[in-house]
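Work through these exercises with the sequence and the model open side by side. Try each task before reading its solution.

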Amino acid sequence: MSGPTRREVFLMTGAAMVPMSAIAQATPRRGGILTVHFATEQRILNPSLQASTGVYIVGGKIQEPLVDLDAAGNPSPVLAESWESTPDGRAITFKLRQGVTWHDGRPFTSADVQFTAMEMWKKILNYGTALQQFLTAVDTPDAHTAVFRYERPMPLGLLLRALPDLGYISPKHIYEGTDIRQNPANTAPIGTGPFKFVQYERGQFIIAERNPNYWRQGFPYLDRVVWRVVSDRAAAAAQMEAGQILFSPYSSLALADMTRLARDPRFEVTTRGNEGNARTNTLEFNFRRPELADIRVRKAIAHAINIPFFIENFLGTYAKPGTGPIPSVSTDYYTPGSPQYGFDRAAANRLLDEAGHRRGAGGVRFSLRLTPAPWGEDIALFATFIQQSLAEVGIRVEVVRLDAAGFLRTVYNDHNFDLASGWHQYRSDPAVSTTVWYRSGSPQGAPWTNQWGWTDAGIDRVIDDAATEVDPAKRRALYGEFVTRVQNELPLWMPIEQIFLSTFNRRMRNAGNTPRWASSSWYDTWLAS
Amino acid sequence: MKLLLLALRRLAASLPALVLILVGLFLLLQLAPGDTVDALMAQMGGGDAAIAADLRRFYGLDLSVTARLGAYLWRLLTLDLGFSAIYGKPVASVILERLPATLLLMTGALFFAFSFGMALGVIAARRVNRWPDTLISTLGLIFYATPSFWFGLMAIVVFSVYLQWLPAGGFGDVAMGFTGWARVWDTATYLVLPVLTLALIFLAIALRIMRASMLEVQGMDFVRTARAKGLSDMRIVARHVLRNALLPMVTLIGLQAGTMLGGSVVVESVFTLPGLGRLAYESVVQRDLNTLLGIVFVSALLVIAVNFIVDLLYARLDPRITG
């Protein structure tokens, strides 16, 4: 049969109507319930205690950070109105917003900031403990001023880029004198944000409603936000189509479903609003294997894998070749021109021959075990692609698949792997969660750190210098040097750059308008009728 | 009194098996790489080693395996199921929250599967080798051979996405906040598709067993006697054949109640029902040992209870069998 079917005609007219209705409804409409896909239930919802997208997607609407990122990706004031650093970077002063109240009616003051920073960020919050390790005290000269005092210089740029994720404030009067990890408010958060926590039914849903006393006058627009716990990806896609879910964040649907929904005029599948959550795919080498400790073998492996081919055929337009540990979305620290290892099978074979690994029986030079991380369909696909690519140059690869707990234990604690592949999350500044992949001295068992059995004193020094360099230009130069050095040494390879995908129902407005929108507070988001 | 004694004897006979299962599962999970802190680290997206050590102390994982197993069994003696790592509250209350969805799903599916399975089996046996029999048997084969997740997803695509008759998943409309009968009706609409999906495969089994057992009993001497007595056809089927043919069906219910508890992981995931199956899956992935052992414990008790009821039914259906 030729010509469009009735359904296609219907869909086409729908597509033509979308922009018109968008224009017709340019003025925000108050009310409505935003239903959100919540794929992985978390143990706690308080972002001052756990830095992960699974917590921000809920807790980020109820609690607020000192600063967030604006549309251009620059730090913008939230609970802090302004900030300044002393020239030596040892004291950073935040002027706090006045007239802000917690959801239980108590006023928000500098005491809350002091308590959260000293008791939560410095002691419990993942990545916070490393960031604030040299924080010695938070002084509170008055109720609306907080002075962070550091033992070693803290670059203001680093702190401001880290705080949108690692700077959420919790109420001191709820947590003081309690066992913080067991506090009931961890799953029933009390914050200052646009939405007030109402109910959490484990395995089913979380509800938050409009905060009538929100400090941004006239906001939020939405009456309620409801997170629906849907762990099955196919079921989540069906619920989006049935209108039961309006927004699915962080690439939580199957790639095939997202491709299908992207063609449907009712939905938008986009990287917009996730620029602050860039990640790179990794290939991690275990230097305890003598073959892999040889730089020629590592380079040969990189040369043997056709990254553009893999991206084009498996990941589509949402990924691009990566050039190193700092992704191109990082406008401040991205360094083009570092050493690259393009697809060149002849070079790979030559390097392996030079390293003394001649082809034996069946053309096999040696065998390796590859352990892919279980999160993300792309990692599983990439593992298979690596296996097939390396077979072409005579390296036999056995893929060992494990679940999340098993993967972390096997790779980062037991070091029982040859190759591993997963994601590196870039969190706005290389010092937050990038350089730990390269800095030596991480205790055994710390996930996503240098557990490769590889050290380079020169690279360690650059990392340490950059972490305390207060001059932005010098910092940028140090990270340029860092990227060049690690690309030369190749202790691990980060060949693909991706940004999480959001699937929006097109009724959503002001959605995806900041670089970490899915994690942000959604105070200005509204629903068209 | 006799009934109570019987119940107690049953329970006493099941206790050693229960303890063996719990200890075995505990040890088996020690073999899985990683613990609940590793799972939490994966969820958090990282953290340093000091945090991990701190959390291991918090969850009591710094003790030896034997010490933890001993402590667990000791607590079990006082009917304390322990504390859930992922939910941060007592395991007993976590399970209690999840029990209604699983029980509704299980009883609904069992009821549907066995009532319809019985009816279809009787019809097929009465019209053996004619078109109703062929049709019913073919349908049964299709239901039996199709995986339930596929049925579930197809049901969602047809009834929720295209026709929009029924909700695609969940356990009641969370936004509307229904109470009373409105809530019962609302919950029922959410249960239709999962119950049907879970029931189909068991329906297929039930109808095949029923058909075979009807055919077998129909050929027996006492049926010929009844017919010779001049009893009506209806009466023979209802009073003589059906009652005797039901025994294997009742056995099947006892066996499948247990299977359904476990088998609902798939259906609960596809329809996002907050049941025990999903909880068990989550507990394995997150290495939440206490919750998992608690679920096994409660499921075992449920299976023991169902089998006890089945035994009583036997005695009722066939007076020759006594407890």
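## Exercise 1: Arg224(A) and its surroundings

Arg224(A) is partly exposed, because 18 other C-beta atoms lie within 10 Å. The model is a predicted one.

**Task.** State where Arg224(A) sits and how far Lys172(A) is from Arg224(A), in sequence and in space.

**Solution.**
1. Find the element. Arg224(A) belongs to strand β10 of chain A.
2. Check the class. A residue is buried at 20 or more other C-beta atoms within 10 Å and exposed at 12 or fewer. The count for Arg224(A) is 18, so the residue is partly exposed.
3. Take the separation. Lys172(A) and Arg224(A) are 52 residues apart in sequence. Their C-alpha atoms are 26 Å apart.

## Exercise 2: A second arginine of chain A

**Task.** Decide whether Arg29(A) is buried, partly exposed or exposed, and place this residue in the fold.

**Solution.**
1. Locate the residue. Arg29(A) is in the loop between α1 (6-24) and β1 (33-38) of chain A.
2. Count neighbours. Arg29(A) has 13 C-beta neighbours inside 10 Å, so this residue counts as partly exposed.
3. Add a distance. Ile62(A) is 33 residues away along the chain, and the two C-alpha atoms are separated by 21 Å.

## Exercise 3: Backbone exceptions

Most residues other than glycine have a negative phi, and most peptide bonds are trans.

**Task.** Describe the peptide bond from Phe219(A) to Pro220(A). Then examine phi at Tyr127(A), Arg287(B) and Gly230(B).

**Solution.**
1. Start with the bond. From Phe219(A) to Pro220(A) the peptide bond is cis, and omega is near -5 degrees. Pro220(A) lies in the loop between β9 (205-210) and β10 (224-229) of chain A.
2. Go to Tyr127(A). Its phi is positive, near 70 degrees, and the residue is not glycine. Tyr127(A) is in the loop between α3 (110-121) and α4 (128-131) of chain A. With 25 other C-beta atoms within 10 Å, Tyr127(A) is buried.
3. Go to Arg287(B). This residue is not a glycine, yet has a positive phi of about 55 degrees. The loop between α11 (276-285) and α12 (289-317) of chain B holds Arg287(B). Arg287(B) counts as buried, because there are 28 C-beta neighbours inside 10 Å.
4. Finish with Gly230(B). This glycine follows α9(B) and has a positive phi, near 90 degrees. Helix α9 (residues 221-229) of chain B has 9 residues; the number buried is 0, so the helix lies largely in the open.

## Exercise 4: The two sides of a helix

**Task.** Compare the span of α16(A) with the expected value, then find which residues of α16(A) are buried.

**Solution.**
1. Take the span. Helix α16 (residues 457-468) of chain A has 12 residues and reaches 17 Å from first C-alpha to last. This is close to the 16 Å expected at 1.5 Å a residue.
2. List the buried residues of α16(A): Ile459(A), Val462(A), Ile463(A), Ala466(A) and Ala467(A).
3. Place them around the axis. They cover an arc of only 130 degrees, so they lie on the same side of α16(A).
4. Turn to the face away from that buried side. Exposed residues there are Ala457(A), Gly458(A) and Arg461(A).

## Exercise 5: Chain B and a helix crossing

**Task.** Summarise the make-up of chain B, then describe how α5(B) and α8(B) cross.

**Solution.**
1. Count elements. Chain B has 12 helices and 0 strands.
2. Take the extent. The C-alpha trace of chain B spans about 85 × 55 × 40 Å along its principal axes.
3. Assess burial. Chain B has 323 residues, of which 38% count as buried.
4. Check confidence. Chain B averages a pLDDT of 83, and 97% of the residues score at least 70. The model scores ipTM 0.77 and pTM 0.84.
5. Describe the crossing. The axes of helix α5 (residues 91-126) and helix α8 (residues 180-218) of chain B come within 5 Å and cross at roughly 35 degrees. The crossing of α5(B) and α8(B) is right-handed.
6. Sort the contact residues. The contact of α5(B) with α8(B) has 24 nonpolar, 4 polar and 1 charged.

Methods: Residues are numbered from 1 along each chain as its sequence is written. Chains are lettered from A and ligands numbered from 1 in the order in which they are written. This is a predicted model: local features need pLDDT of at least 70, side-chain atom pairs count only at pLDDT 80 or more; totals for chains, interfaces and linings use all residues. Axes are lines fitted to C-alpha atoms, for helices over the stretch in contact, and angles run from 0 to 180 degrees between N-to-C directions. Helices (H or I, at least four residues) and strands (E, at least two) are DSSP runs, numbered from the N terminus. A crossing is left-handed if the near helix is turned anticlockwise from the far one by less than a right angle, and right-handed if clockwise. Ala, Val, Leu, Ile, Met, Phe, Trp, Tyr, Cys and Pro count as nonpolar, Asp, Glu, Lys and Arg as charged, and the others, Gly among them, as polar. pLDDT is the predictor's confidence in each residue, from 0 to 100. The expected span of a helix is 1.5 Å times one less than its number of residues. The arc is that of the directions from the helix axis to the C-beta atoms.
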